[in-house]
Amino acid sequence: MEEFAAVSGISRPTVSKYFQDPESVRSSTRKRIETALERYDFRPNIFAMNQNRKLTKIVGVVVPYLADPFFAEIARKIERRCIDAGFWPILFSAHGEQKLENAILESLRVLKPAGVLLAPLGRVSDRQAVERFCDDVPTVLFDSNIDGVGKVFVGSDNHDFVTQSVEYLVRTGSSPVLFEMRNPANPNANKRRLAYLANMERLGLEPHIVKVDGEGWDFERIGYEGGLKAIRDKAFPTNTVLCSNDRLAVGFLTACFEQGLSVGYGGDHAMRVMSHDDHPVSRFTCPPLTTVAHDYDAVSNKAVEVLFQMLEDGAMPETRKEFLYPTKLILRKSA
């Protein structure tokens, strides 16, 4: 920037002021700077500029797996909120790997972000590494809670997800069988299993869980292959299946189709299928998927709002706060 100021004949502080806010300099000066920018093909290095700022304009957004439609949707909403507030969101995906999540956190330290919105891997995360990062950088955890880590968590109420689905299915037909991965990658799967067991006990019903093999985040394939095997093995004691998440349900619906099992509500159908999350694709499955939805707007808005408040205050909350948002039952044709 000093070299550009010298060749353009404009003072370094004025050039810097322009890059902070072009409207902050006189129109005649702005025209001179823009003419020189075009002539000398100069572009400021935003990362170098951030090294010199007490508070940068970068906000890191970290998710476990960006190909998952839920994380893509909530990251899109968070990104938009940050841009509208004048920040530069930088999006990272940990691809379900602890080693990569740790590397992302170290990279963010170098970038010196104003703050970070982090959806951690959960039980797969390196708890100590995440804890150290949250102690050093203003951070809001969202979606996946690591008990006691960080000062703020914003997410959906996983117990409410399952309470709504179990109560609806019992009220309208046979009791549900929980369909899940044996070793789930989704950080909220264990909370949903515990909530299923608690709700079945509360209603005086016998719980049934079908666990399928598979590793990683390829949930649709795992739901399909595991569903085929479970159907062939007659593993479902009732005709009602509650999938841990929508992506497993998408694969399971395909398995039902290949086995000639009609899915839907009413006596004309062999199976009822329901799940959790309301992924963007769930309304377009065949049949459309009955599910319980996140409040995407409330979670993303609150996470950004709390982070910006921390930045404005210049301090993290003294005590840890959790914001859990209720979920919404979405009735479609699959159940």
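**Entry 1: a salt bridge between a strand and a helix**

I began with glutamate 180 and arginine 193, whose side chains meet in a salt bridge with N and O 2.7 Å apart. I note at once that this is a predicted model, and I read every value here as computed from it. Glutamate 180 belongs to strand β6 and arginine 193 to helix α9 (residues 189-202), so the salt bridge ties together parts of the chain that are 13 residues apart in sequence. I then asked myself whether glutamate 180 and arginine 193 are buried or exposed. Both of these residues turn out to be buried.

**Entry 2: the strands around β8**

From glutamate 180 I followed strand β6 (residues 177-181) to its pairing with β8, which is parallel and runs over three bridges. Within this pairing, I found that leucine 178 has leucine 242 of β8 as its bridge partner. I also looked up the pairing of β8 with strand β9 (residues 272-277), which is again parallel, over three bridges. Here threonine 240 stands opposite arginine 272 of β9.

For a first-year reader I add the background that the strands of a sheet pair through backbone hydrogen bonds, in either a parallel or an antiparallel manner. It also helps to remember that in a regular strand the side chains alternate between the two faces of the sheet.

With that in mind, I asked which residues of strand β8 (residues 240-243) are buried on one side and which on the other. Thr240 and Leu242 lie on one side, Val241 and Cys243 lie on the other, and all four are buried, which leaves both faces of β8 covered.

**Entry 3: the six-stranded sheet**

Next I turned to an open sheet of six strands, and I wrote down their order as β2-β1-β3-β4-β5-β11, with parallel pairing. The strands at its edges are β2 (88-93) and β11 (321-325), each of which pairs on one side only. From one strand to the next, the twist averages 15°.

I picked out one pair for a closer look: β1 (residues 58-63) and β3 (residues 115-118) run parallel and are joined over four bridges. In that pair, valine 61 has leucine 117 of β3 as its bridge partner.

I then looked for helices that touch this sheet, and I recorded two of them. Helix α5 (residues 69-84) packs on the sheet and touches β1, β2, β3 and β4 (139-142), while its direction makes about 160° with that of β2. Helix α12 (residues 296-313) lies across β1, β3, β4, β5 (152-156) and β11, and runs at about 170° to β5.

**Entry 4: salt bridges within helices**

Returning to helix α5, I found a salt bridge between arginine 76 and glutamate 73, with the closest N and O atoms 2.9 Å apart. These two residues are three positions apart in the helix, and therefore they are separated by about one helical turn. Arginine 76 counts as partly exposed because its relative accessibility is 45%, a value that lies between the limits of 20% for buried and 50% for exposed.

Helix α10 (residues 219-232) offered another case, in which the side chains of glutamate 225 and arginine 221 meet in a salt bridge at 3.0 Å from N to O. Being four residues apart in this helix, glutamate 225 and arginine 221 are also about one helical turn from each other. Glutamate 225 is partly exposed at a relative accessible area of 42%, and arginine 221 is partly exposed at 35%.

I also noted a network: Glu73, Arg76, Lys77 and Asp297 are joined by salt bridges that share partners. A search of the whole structure finds 19 salt bridges.

**Entry 5: a nonpolar patch**

Which residues make the nonpolar surface patch of about 240 Å²? I found that it is formed by Leu194, Leu197 and Ile209. Isoleucine 209 sits in strand β7 (residues 209-212), and its relative accessible area of 32% makes it partly exposed.

**Entry 6: the chain as a whole**

Last, I stepped back to the overall figures. The chain has twelve helices and twelve strands, and its C-alpha atoms fill a box of roughly 80 × 40 × 30 Å along the principal axes. Of its 335 residues, 51% are buried. The chain exposes about 16100 Å², and carbon and sulfur atoms supply 51% of that area. Among contacts with a separation of 6 or more, 72% join residues that are 24 or more positions apart.

Definitions and conventions
Residues are numbered from 1 along each chain as its sequence is written. This is a predicted model: local features need pLDDT of at least 70, side-chain atom pairs count only at pLDDT 80 or more; totals for chains, interfaces and linings use all residues. Side-chain values use heavy atoms; hydrogens and water are left out. Two strands pair if DSSP finds at least two bridges between them. Axes are lines fitted to C-alpha atoms, for helices over the stretch in contact, and angles run from 0 to 180 degrees between N-to-C directions. Contact means heavy atoms within 4.5 Å. Patches are made of residues with over 30% relative accessible area and no salt bridge: like charges are joined within 9 Å, nonpolar side chains (Val, Leu, Ile, Met, Phe, Trp, Tyr) within 5 Å. Accessible areas come from the Shrake-Rupley method with a 1.4 Å probe; for residues, only the protein chains shown count as cover. A salt bridge is a side-chain nitrogen of Lys or Arg within 4 Å of a carboxyl oxygen of Asp or Glu. Buried means under 20% relative accessible area, exposed over 50%, partly exposed in between (1.4 Å probe, protein chains only).
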